[in-house]
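Colleague: Thanks for sitting down with me. Could we go through how the labels on this structure were reached?

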Amino acid sequence: MSGTARSRGGSRVQLTLDRTVNVAPMMGRTDRHCRYFLRGFSTRMLLYTEMIPAADLVRGNCARLLEFDPEEHPVALQLAGCDPQQLAAAARTGEEAGYDEINLNCGCPSDRATGGVFGAYLMQRPETVASCVAAMRAAVRVPVTVKMRIGVIEGRGRAAVEASRRFDEAERGALYRFVRAVRDAGCDAVIIHARKAVLGGLSAQDNREVPPLQYEVVSQVKTAFPDLPVVLNGGLREPDAILSLLDVLDGIMLGREAYHRPVLLARLDALVFSREPNPSSLHPNRETLDAVARTHAIERMQRYIERQLAQGEKLSAVIRHVQGLYAGEPGAHEFRRTLSEGARRPGAGAEVLAAAVASTQAR
Ligand SMILES: Cc1cc2nc3c(=O)[nH]c(=O)nc-3n(C[C@H](O)[C@H](O)[C@H](O)COP(=O)(O)O)c2cc1C
């Protein structure tokens with residue numbers, strides 16, 4: 001699939017997407033304000049929404065959640081569900097709203113997922129997921145992708161922890177059956193969180209730290225399915241490590257690090273998309289690059305906040321996502337405190353950002 005086409009709504013849809021750098025779907029974080037903020041660090045990366053249940057979307061309960069700013073493109077909508085027709089209808093709604101990709105969540109180990117409704121639980125049902133992907137694929141022209149784990153295990157206690165660390169041939173067989181099923185159903189790319197989901201044994205939060213990451217398993221998926229774009233997710237932090245992974249994989253997806261240290265996205269943009277012959281030559285300019293990215297982000301968000309406040313949005317709803325702008329820098333604490341206090345002041349506006357920046361220098 002390549003090129004562009006007209007969507008039903010008449011707008012232009014992009015049928016091929018650059019998947020080199022992606023920001024992960026994160027409930028409670030990657031809402032439209034967060035995505036707008038992060039877009040300021042790189043125009044090329046692909047941004048994902050929070051997960052939206054297909055059932056809610058079809059019932060019309062989430063229209064507001066679908067809203068996004070044109071500057072967010074390219075942006076992918078993540079859906080949750082296991083009913084092919086419902087997912088197809090939700091995917092169509094997403095495409096009509098202008099999303100550039102529809103993604104199915106098969107990686108979330110939350111309690112609702114273990115109740116059999118969505119998420120990592122679906123990795124035990126490759127045929128069901130294949131039916132869902134085929135229905136979504138038939139319903140939209142934009143890419144349909146799957147976000148998944150390297151495997152799932154059920155249970156609690158020591159045995160589950162031990163099992164979660166292993167990766168044996170039976171597990172590889174299950175993983176490849178799943179990938180083959182979704183690829184054959186028309187999935188355009190898989191995004192693989194490189195650790196197993198532990199169903200019923202760990203909280204979703206704990207299951208983002210343990211079991212250990214197994215990047216080599218994801219690289220082996222790429223070797224086994226060379227024509228399928230494979231994006232690796234989980235625990236990525238350092239640009240050099242990311243660049244090495246990009247030698248073998250089609251892309252990387254950053255979750256927490258992108259949210260808590262967004263300036264990293266500007267660094268990655270320079271390293272990955274500028275096609276520098278010697279990326280390490282950019283390292284001496286890191287401070288300058290970071291400073292330019294921060295100034296640009298502040299100016300852009302000041303204008304955005306003014307527009308959002310004029311439309312009746314709460315200042316705190318936008319500003320909470322900017323907290324990580326000075327992460328790891330002198331003045332980070334003052335920046336965060338000035339932002340939080342400023343956002344609570346009645347009548348406060350975009351000037352809170354400038355005050356927070358000034359506070360980093362007044363230490
Ligand atoms: C607060 C939070 C919410 C998340 N919500 C979702 C979600 O809605 N859908 C999803 O597929 N993954 C979700 N994830 C998992 C991330 O997409 C990602 O797979 C995980 O954080 C590992 O990547 P990281 O180590 O780069 O953070 C969430 C993660 C966090 C921290």
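**Labels and the values behind them**

Modeller: Happy to. Threonine 93 is a good start: threonine 93 has 23 other C-beta atoms within 10 Å and is therefore buried. Please keep in mind that this is a predicted model.

Colleague: What makes 23 other C-beta atoms within 10 Å a reason to call threonine 93 buried?

Modeller: The label needs 20 or more other C-beta atoms within 10 Å. Threonine 93 has 23, so the label buried applies. Threonine 93 sits in helix H3, residues 84-97. Its C-alpha atom lies 18 Å from that of proline 25, with the two positions 68 residues apart in sequence.

Colleague: And threonine 288, why is that one called exposed or buried?

Modeller: For an exposed residue the count must be 12 or fewer. Threonine 288 has 10 other C-beta atoms within 10 Å, so threonine 288 is exposed. Threonine 288 belongs to helix H12, residues 286-310. From its C-alpha to that of proline 126 the separation is 48 Å, and the two are 162 residues apart along the chain.

Colleague: How do you know whether alanine 258 is buried or exposed?

Modeller: By the cut-off of 20 or more again. Alanine 258 has 28 C-beta neighbours inside 10 Å, so alanine 258 counts as buried. Alanine 258 is part of helix H10. Leaving aside neighbours within four places in sequence, alanine 258 contacts Val23, Leu38, Leu264 and Leu265.

Colleague: What separates the C-alpha atoms of alanine 258 and glycine 324?

Modeller: They are separated by 9.0 Å, although the two residues are 66 residues apart along the chain.

Colleague: Which domains does the assignment give, and what puts them in contact?

Modeller: The assignment gives domain 1 (4-275) and domain 2 (284-361). A contact requires C-beta atoms within 7 Å. On that basis 14 residues of domain 1 are in contact with 18 residues of domain 2. Helix H1 (32-39), H10 and helix H11 (263-273) each supply at least two residues of the domain 1 side. By class, that side has nine nonpolar, three polar and two charged residues. The C-alpha centres of the two domains lie 29 Å apart.

Colleague: What makes up the largest nonpolar core?

Modeller: That core has 103 residues, and Val133, Met136 and Val182 have the most contacts inside it. Helix H5 (residues 126-139) gives the largest share, seven residues. Both domain 1 (4-275) and domain 2 (284-361) contribute at least three residues each. Methionine 136 touches Leu87, Ala88, Ala91, Ile102, Leu104 and Val144, not counting residues up to four places away in sequence.

Colleague: Which residues come nearest to the ligand?

Modeller: Ala24, Met26, Met51, Gly255 and Arg256 do, out of 23 residues around the ligand. Strand E4 (46-53) and helix H10 (256-260) each supply at least two residues of that shell. The shell divides into eight nonpolar, nine polar and six charged residues.

Colleague: Which peptide bond is cis?

Modeller: The one from histidine 73 to proline 74, with omega near -5 degrees. Proline 74 lies in the loop between helix H2 (54-58) and strand E5 (75-80).

Colleague: Lastly, how confident is the predictor, as pLDDT gives it?

Modeller: The chain averages a pLDDT of 91, and 91% of the residues score at least 70. Over residues 6-10, though, the pLDDT is below 50, and this stretch has six contacts in the model beyond near neighbours in sequence.

Conventions. Residues are numbered from 1 along each chain as its sequence is written. This is a predicted model: local features need pLDDT of at least 70, side-chain atom pairs count only at pLDDT 80 or more; totals for chains, interfaces and linings use all residues. A nonpolar core is a set of buried Ala, Val, Leu, Ile, Met, Phe, Trp, Tyr and Cys residues joined through C-beta atoms within 7 Å. Helices (H or I, at least four residues) and strands (E, at least two) are DSSP runs, numbered from the N terminus. Domain bounds come from an automatic or database domain assignment. Two residues are in contact if their C-beta atoms, placed from the backbone, lie within 7 Å. A residue is near a molecule or strand if its C-beta atom, placed from the backbone, lies within 6 Å of it. Ala, Val, Leu, Ile, Met, Phe, Trp, Tyr, Cys and Pro count as nonpolar, Asp, Glu, Lys and Arg as charged, and the others, Gly among them, as polar. pLDDT is the predictor's confidence in each residue, from 0 to 100.
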